[in-house]
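Q: Could you take me through one part of this model up close, and then show me how it fits in with what's around it? I'm at the bench, so plain talk is fine.

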Amino acid sequence: MQIYWTKINKIIDETPEVKTYMLDCPEGFTWEEGSHTHFALEGFNAGEKPNRSLIRHMSITTLPHENSIGITTRIKEQCSEFKTILRNMEVGQEVAIFKTHSNVPLKREDKNVYLLSAGVGLATFRPLVLDYLERADNVNQIHSLNIDSTKDFLFTPIFESAPDKKFTSQFVDNRKDYYEEVKNLAADKEGLFYVVGSDEFLQQNIDVLLEQGIKPEQIMLDKHKQQLPAFLTLNVSM
Ligand SMILES: Cc1cc2nc3c(=O)[nH]c(=O)nc-3n(C[C@H](O)[C@H](O)[C@H](O)COP(=O)(O)OP(=O)(O)OC[C@H]3O[C@@H](n4cnc5c(N)ncnc54)[C@H](O)[C@@H]3O)c2cc1C
């Protein structure tokens, strides 16, 4: 396993609680849209075993041609040791990234694509949307639906509806509106539905989609293949 140590080159305050850390691209490091990586802080591999409290999965919110690796995360006042350290980091300091992989590349199968996300889950979709806006080949259209109760919506210059490019972006701030809209979107029985958020959020979305007649193979999750069956079944307790 190759560990890439790299420097923070910029810190963007996206909203009062959300920051994007832009990292230099190490030589030889590449990725595709929808990738996540292991993002680790100094000292994570100092002991015999990796220190998990200094490592988090994070999506890469940029595309390679942007020349920086973007990591977007919410840091609340009450936060973990990891985020407490991260909050105090500055441009020029080093972090490590390793084991980078995309479970959710943009499928170009002449279908309508629906991107369903909660909060910073939108970070996973930013590179998919950029990739589509640059080259729409074999994608009919994209519709993004994001729920964020803070109402501080992310990446709004990119996530702005562009009818000429067949891109629609919707933000909502409450669950009622969100799930009503998911049901409307699920009227498209041929669509591809990508879902990113907490495991509880994934399960609720999957339940709604399956109930509406969407098939498990039409639902894309940022999970390893072997984890998918546990999620892609209807939760009968609903
Ligand atoms: C494939 C994948 C991709 C991911 N991509 C991203 C991504 O792009 N961006 C991202 O942000 N996350 C991403 N995650 C989730 C990420 O790995 C972390 O699990 C998540 O950010 C939570 O971080 P944390 O554990 O440091 O907790 P925190 O975010 O610090 O805390 C989680 C919650 O617990 C509360 N809390 C924490 N500590 C305390 C405390 N001491 N007292 C009281 N309350 C507390 C916080 O207020 C918060 O509500 C991804 C996960 C996976 C599996």
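**A close look at helix α3**

A: Start with the side of α3 that faces away from its buried residues: Lys176 and Asn184 are exposed there. Keep in mind that this is a predicted model.

Now turn the helix around. The buried residues of α3 are Tyr178, Tyr179, Glu181, Val182 and Leu185. Around the helix axis these residues span an arc of only 160 degrees, so they sit on the same side of α3. Note that Glu181 is on that buried list too.

What's lying over them? The cover includes the strands β7 (111-118), β8 (139-147), β9 (167-172) and β10 (192-196), along with helix α4.

Next, have a look at how the helix begins. Asparagine 174 caps the N-terminal end of α3, with a side-chain oxygen 3.3 Å from the backbone nitrogen of lysine 176. So the lysine whose backbone meets the cap is also one of the exposed residues of α3, because Lys176 appears on the outer side.

The buried side also has an aromatic story, and it helps to see it against the rest of the model. Searching the whole structure turns up 11 aromatic pairs. One of them is phenylalanine 44 with phenylalanine 98, which is stacked: the ring centres are 5.3 Å apart and the planes differ by 10 degrees. Phenylalanine 44 belongs to the loop between β3 (35-40) and β4 (55-59), while phenylalanine 98 is in strand β6 (residues 94-102), so this pair ties together parts 54 residues apart in sequence. Phenylalanine 44 and phenylalanine 98 are both buried.

Back on α3, tyrosine 178 pairs with phenylalanine 201, and here the geometry is tilted, because the ring centres are 5.4 Å apart and the planes make an angle of 45 degrees. Tyrosine 178 is in helix α3 (residues 175-185) and phenylalanine 201 is in helix α4 (residues 199-211), so the pair links parts of the chain 23 residues apart. Tyrosine 178 counts as buried because its relative accessible area is 0%, and phenylalanine 201 is buried as well, at 10%. Remember that α4 is among the elements covering the buried residues of α3.

Stepping back a bit, where does α3 sit in the domain layout? The domain assignment gives domain 1 (4-102) and domain 2 (111-231), and the residues of α3 (175-185) fall in the second of these ranges. The C-alpha centres of the two domains are 24 Å apart. Across the boundary, 20 residues of domain 1 are in contact with 18 residues of domain 2.

Threonine 15 is a handy spot to look at for that. This residue lies in the loop between β1 (4-13) and β2 (18-24), and it touches Asp152, Phe153 and Leu154, leaving out residues up to four places away in sequence. Threonine 15 counts as buried because its relative accessibility is 10%. Its side chain has a polar atom 3.1 Å from the backbone nitrogen of valine 18.

The residues just around that contact are worth a glance too. Lysine 151 is in the loop between β8 and β9, the two strands that are also among the elements covering α3's buried residues. Lysine 151 is exposed, with a relative accessible area of 53%, and it has a positive phi of about 65 degrees although it isn't a glycine. For context, most residues other than glycine have a negative phi. Phenylalanine 155, in the loop between β8 and β9 as well, likewise has a positive phi, of about 50 degrees, without being a glycine. Unlike the exposed lysine 151, phenylalanine 155 is buried, at a relative accessible area of 10%. Its ring has company: arginine 126 lies over the face, 5.9 Å from the ring centre.

To pull it back to where we began: α3 has an outer side with Lys176 and Asn184 exposed, a buried side that includes Tyr178, and a tilted aromatic pair from tyrosine 178 to phenylalanine 201.

Key
Residues are numbered from 1 along each chain as its sequence is written. This is a predicted model: local features need pLDDT of at least 70, side-chain atom pairs count only at pLDDT 80 or more; totals for chains, interfaces and linings use all residues. Side-chain values use heavy atoms; hydrogens and water are left out. Rings of Phe, Tyr and Trp (its six-membered ring) pair if their centres lie within 6.5 Å; planes under 30 degrees apart count as stacked, over 60 as edge-to-face and the rest as tilted. Helices (H or I, at least four residues) and strands (E, at least two) are DSSP runs, numbered from the N terminus. Buried means under 20% relative accessible area, exposed over 50%, partly exposed in between (1.4 Å probe, protein chains only). A charge sits over a ring if NZ of Lys or CZ of Arg is within 6 Å of the ring centre and within 35 degrees of the ring normal. The arc is that of the directions from the helix axis to the C-beta atoms. Contact means heavy atoms within 4.5 Å. A polar contact is a pair of N or O atoms within 3.5 Å; within protein, one must be able to donate a hydrogen and the other to accept it, and residues adjacent in sequence count only if both atoms are side-chain atoms. Domain bounds come from an automatic or database domain assignment.
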